[in-house]
Amino acid sequence: MGSAGIPLTWPALWFSVDHDDDGPDAILRMAGLATPMALRVAVTLGLADRLLGDGAAVDDVAAELDVDPVALDLLLGHLTTLGVVARTSTGYRTTPFGEHLRADADNRLTDLLHLDTAGGRAELAHVDLLHSVRTGRAAYPRRYGRDFYTDLDDHPHLRESFDRQMSRRFRDQVPRIVAGVDWSRFASVVDVGGGAGSLLAAVLEAHPDLRGHLVDLDRTAAEARRAFDARGLGDRARVTAGSFFDPLPAGADAYLLFDVLHNWDDEHAHRILARCVEAARPAGRVLVVEGIGGLRADSESDLTMLVIFGGRERRLEEFRALGAAHGLVLDSVTELTDHRCVLDFRIEAAR
Ligand SMILES: C[S@@+](CC[C@H](N)C(=O)[O-])C[C@H]1O[C@@H](n2cnc3c(N)ncnc32)[C@H](O)[C@@H]1O
């Protein structure tokens with residue numbers, strides 16, 4: 001759990017701001033980049049795993065990791081200040097707090113902080129926030145020379161880490177998302193940009209008469225196919241490897257967009273919705289599951305969507321307008337989890 005009792009999820013690592021401490025030092029503590037980077041470098045080097053035990057000598061660790069011993073000692077000094085390692089008579093060891101940073105800690109920190117994962121790499125785009133604020137555009141392409149999803153296409157290990165990150169981020173909350181939507185209204189649902197299929201699989205397991213169809217990019221679609229087969233859902237879950245900017249499987253009762261639109265600027269969000277409506281006509285519904293800006297706002301996530309994707313957590317009226325441009329009428333908004341709502345759109349008759 002984050003410090004405010006909120007589950008850690010990417011991209012935002014929520015934190016609480018203690019306004020009892022309202023002097024300039026409090027601002028400096030919030031603004032400093034050294035601590036976040038020290039933790040990220042510690043994860044990238046695997047220090048929490050390497051320093052299990054009584055205490056390892058800096059020179060030995062530096063030689064093993066092929067890093068500079070003096071610089072490593074400086075890093076370990078700051079990690080000691082943070083309480084994730086401690087000095088011993090023989091060197092440094094990982095503290096119980098620092099064990100959260102172990103690769104096998106099963107808490108998602110590795111996928112969020114390791115600098116060679118999709119999440120850890122993307123987070124560095126915040127360094128170019130000024131560019132995003134000046135232009136309203138993503139900073140990721142400026143930093144890495146291509147947009148986020150193209151970068152994942154070119155680096156299979158980043159794509160793998162992203163799919164893992166997405167599948168795990170709502171692991172504990174999937175039952176609430178499944179229970180919070182009346183899926184029994186539908187005989188078929190298309191999960192548009194459905195990732196590795198963890199939500200659709202859970203929905204299909206809860207509704208044995210429902211058929212599902214997931215659309216995502218090649219590698220992720222293959223991962224979803226494997227996941228559905230492994231869960232014995234192969235005959236009810238189809239998978240199409242393709243783009244949601246192209247025509248979608250037509251004629252389903254519902255088109256689900258779960259954490260998809262906030263990755264895109266308005267132009268692309270319109271193109272995705274247009275594909276959903278084209279496929280859903282005349283009577284299908286479009287279900288958008290996302291955080292809603294201004295409602296239990298997660299302001300940090302807003303900035304992360306901006307710098308990585310040029311997207312944002314849209315406000316309710318923005319969703320309404322986005323849908324209206326495609327003949328979608330917002331029938332209801334239901335809170336599913338602390339940070340996700342379902343917006344249930346129907347297609348306006350006579351369009
Ligand atoms: C933020 S993830 C959400 C995944 C899934 N809906 C979930 O909530 O776990 C966005 C998904 O959109 C997919 N995506 C990105 N561009 C796409 C495109 N052009 N066509 C289809 N899927 C795309 C990504 O591969 C990724 O799986």
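1. A polar contact is a pair of N or O atoms within 3.5 Å; within protein, one atom must be able to donate a hydrogen and the other to accept it, and residues adjacent in sequence count only if both atoms are side-chain atoms. A contact of this kind, at 2.6 Å, joins the side chains of Arg 169 and Asp 259.

2. The basis of this note should be stated early. This is a predicted model, in which local features need pLDDT of at least 70 and side-chain atom pairs count only at pLDDT 80 or more, while totals for chains, interfaces and linings use all residues. Residues are numbered from 1 along each chain as its sequence is written, and side-chain values use heavy atoms, with hydrogens and water left out.

3. Arg 169 deserves further attention. The residue belongs to helix H11; helices (H or I, at least four residues) and strands (E, at least two) are DSSP runs, numbered from the N terminus. Is Arg 169 buried or exposed? Arg 169 counts as buried because its relative accessibility is 9%; buried means under 20% relative accessible area, exposed over 50%, and partly exposed in between (1.4 Å probe, protein chains only). Its side chain also reaches the backbone oxygen of Met 166 at 2.8 Å.

4. Next comes the ligand. There are 18 residues around the ligand, and the closest are Arg 169, Gly 193, Asp 216, Phe 244 and Phe 258; a residue is near a molecule if one of its heavy atoms lies within 4 Å of it. Helix H11, residues 156–169, gives the most to this shell, with four residues.

5. Which atoms of Arg 169 lie 2.8 Å from an oxygen atom of the ligand? The partner is an N or O atom in the side chain of Arg 169. A polar side-chain atom of Asp 216 is 2.6 Å from a ligand oxygen atom, and a backbone N or O atom of Phe 258 is 2.8 Å from a ligand nitrogen atom. On its own the ligand has 590 Å² of accessible area, of which the protein covers 95%; such areas come from the Shrake-Rupley method with a 1.4 Å probe.

6. The nonpolar interior may be considered next. A nonpolar core is a set of buried Ala, Val, Leu, Ile, Met, Phe, Trp, Tyr and Cys residues joined through side-chain atoms within 4.5 Å. The largest core has 47 residues, among which Phe 148, Tyr 255, Leu 257, Leu 261 and Val 286 touch the most other members. Helix H15 (residues 266–280) supplies the largest share of this core, seven residues. A second, separate core has 27 residues, including Ile 177, Val 181, Ala 224 and Val 342. In soluble globular proteins, nonpolar side chains tend to be buried together.

7. Some backbone features should be checked by eye. Most residues other than glycine have a negative phi, and most peptide bonds are trans. The peptide bond from Arg 281 to Pro 282 is cis, with omega near 5 degrees, and Pro 282 lies in the loop between H15 and strand S7 (285–290). Asp 106, which is not a glycine, has a positive phi near 60 degrees. Asp 106 is found in the loop between strand S2 (91–94) and helix H6 (109–113). Arg 108 is placed in the loop between S2 and H6, and has a positive phi of about 75 degrees although it is not a glycine. Arg 108 counts as buried, because its relative accessibility is 9%.
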